[in-house]
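These entries record what I looked up in one model, topic by topic. Aromatic pairs come before helix packing and the sheet.

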Amino acid sequence: MDNRSLIGDLLHAHGLKKTPIRTEMLGLFMDHDFALSASDIGAKMKAGHDRVTVYRALSSFEKHGILHKASEDGQGIKYALCGHSCPNEIHADRHAHFVCDKCHQTYCLESIEVPEVSALADFSVNKVSYILSGICKECNAKSVN
């Protein structure tokens, strides 16, 4: 199955209309194995879409459980596709993320599950984040050559 039909199925499963910008944006996420920021998306999109439209699409994707926030840095929030365990509106992606110190890309580490964390009395936990940093496989390969 090609990405266009996967994208159509994904949007339909999450109750979203298939539009050219949504199709193009999700195609970008499917073509990259690392998280993307709004500025990354704007730079990579073929058609010139204004920032507001890009941010609205990202917000909608996150709200509907298609994307999750993977990390945040000076370039802004980086988003990644949610896994199959992430149903509509409930982000169940409980995995670590890796941020490369050289290229600054963020990768989802699906194989490293974030353990359940219980809060202390009088505290309420809204989000748990495991961020690992170091040098990614691409940058390691470049430094060997």
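**Aromatic pairs.** I searched the whole structure for aromatic pairs (rings of Phe, Tyr and Trp, the last by its six-membered ring, with centres within 6.5 Å), and one pair was found. The pair consists of Phe-34 and Tyr-107, with 6.1 Å centre to centre and 75 degrees between the planes. I entered the pair as edge-to-face; planes over 60 degrees apart count as such, those under 30 as stacked and the rest as tilted. Phe-34 lies in the loop between H2 and strand E1 (36-37), whereas Tyr-107 belongs to strand E5, so I noted a link between distant parts of the chain, 73 residues apart.

**Basis.** The model is predicted: local features need pLDDT of at least 70, side-chain atom pairs count only at pLDDT 80 or more, and totals for chains, interfaces and linings use all residues. Residues are numbered from 1 along each chain as its sequence is written, and side-chain values use heavy atoms, with hydrogens and water left out. Helices (H or I, at least four residues) and strands (E, at least two) are DSSP runs, numbered from the N terminus.

**H1 against H2.** How do helix H1 and helix H2 pack? I read an angle of about 115 degrees for H1 (residues 3-13) and H2 (residues 20-31), with the axes 10 Å apart. Axes are lines fitted to C-alpha atoms, for helices over the stretch in contact, and angles run from 0 to 180 degrees between N-to-C directions. H1 is thereby roughly perpendicular to H2 (65 to 115 degrees). Among the residues in contact (heavy atoms within 4.5 Å) are Leu-6 and Leu-10 in H1 and Leu-26 and Met-30 in H2. By class, I recorded six nonpolar, three polar and three charged residues in this contact.

**H2 against H4.** H2 also packs on helix H4 (residues 51-63), at an angle of about 70 degrees and with the axes 11 Å apart. These two helices are therefore roughly perpendicular as well. On the H2 side I listed Ile-21, Arg-22, Met-25, Leu-26 and Phe-29, which meet H4 residues including Val-54, Leu-58 and Phe-61.

**The sheet.** I found an open sheet of three strands in the order E5-E4-E6, with mixed pairing (two strands pair if DSSP finds at least two bridges between them). Strand E5 (106-113) and strand E6 (131-134) are at the edges with a single partner strand each, so one side of each has no neighbour in the sheet. The twist averages 30 degrees from one strand to the next. Strand E4 (residues 95-100) runs antiparallel to E5, joined by five bridges, and Ala-96 stands opposite Leu-109 in E5.

How values were computed: Parallel < 35°, antiparallel > 145°, perpendicular 65-115°, else oblique. Nonpolar A, V, L, I, M, F, W, Y, C, P; charged D, E, K, R; others polar.
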